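Reader: Please take a close look at a single part of this model. I would like the strand pairing first, then the helix packing.

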Amino acid sequence: MEVLGKHLYAQSLFIGEDYMIRVARYVFLALNFVLASVLGILLGLIRPFHPSNSRLCARFYGFLGLPIIGIDVESSGLENFPKGKPFIVVANHQSNWDLYVVGSVVPERTVSLGKKSLKWAPLFGQLYWLAGNILIDRGNPKKAMEAMEITKRALIESNTNIWFFAEGTRNRGKNMLPFKKGAFVTAINAGVPIVRVCTSAYLDGFSMGKLNNGTAKIRVLPEIETKDLSMNDINKLMAHCHESMLEVINELNSPVIEGSAASTN
């Protein structure tokens, strides 16, 4: 009975510590959200709809957000972002924490696509709109076609890059979901290259009750040209991007295994 009592007491201390870490994190995240949102809105009011606002706003959220959730970011291949010409980014999407994690590598003059209704979300919606991101009505096919022309003009006439989470939804850190066609149709329609951004499965073992949630590894792959492609090439292009990204993500997820295998050869 004495041993059982000690075990239960130790377990209660652990649960209490876990609870306190969670509570503290949520409090600090709420404060960080308000602070970053206010800074982002002020930036948007000073230079509304500037294509680099989105990048800076992501930095505002992630600067304190990453230490709060206990994730480090290790990036490579940033030199593969093209210079002096617009491009489409295709990235895997794991969770809402991508705002902090992947936001740390967003290049200059890069915006994203969002639902039109997002503009009315308190603080973040106004920031997202003023940051120059493109808002579309996904439930209206006619509006969706108009959005395609808006994105094409943004790419070509405004020299703006567009970031797509090509799965269309969060994969919760599991293997990538099938890609939607939007990013690839946009790239071919505008004749701009695609840059693949791969992020390791940082949700594996993630807990708001842990102080250290490890390292998210991000790798930017070389661009894929689309100027000589037609709409008949979309499925092949999608398959190539999906397969190559999944291969790199699996590699990022298992560096220890690869290292130990190499040492035994």
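Author: Start with one bridge: T110 has N161 in β5 as its bridge partner. The model is predicted, so local features need pLDDT of at least 70, side-chain atom pairs count only at pLDDT 80 or more, and totals for chains, interfaces and linings use all residues. Residues are numbered from 1 along each chain as its sequence is written, and side-chain values use heavy atoms, with hydrogens and water left out.

Strand β3 covers residues 110-115 and strand β5 residues 161-165; they pair in the parallel sense over three bridges. Pairing requires at least two DSSP bridges between two strands. Strands are DSSP runs of E with at least two residues, helices runs of H or I with at least four, numbered from the N terminus.

β3 also pairs with strand β4 (residues 134-136), in the parallel sense and over three bridges. Here K115 stands opposite I136 of β4. Helix α4 (residues 124-130) joins β3 and β4 in a right-handed β-α-β unit. Right-handed means a clockwise path from the first strand over the helix to the second, with the strands pointing away from the viewer.

Now the helices. The axes of α6 (residues 182-190) and α7 (residues 234-253) come within 10 Å and cross at roughly 120°. That makes α6 oblique to α7. Oblique is what remains after under 35 degrees (roughly parallel), over 145 (roughly antiparallel) and 65 to 115 (roughly perpendicular). Axes are lines fitted to C-alpha atoms, for helices over the stretch in contact; angles run from 0 to 180 degrees between N-to-C directions. F184, V185 and I188 of α6 meet I234, L237, M238 and C241 of α7, contact being heavy atoms within 4.5 Å.
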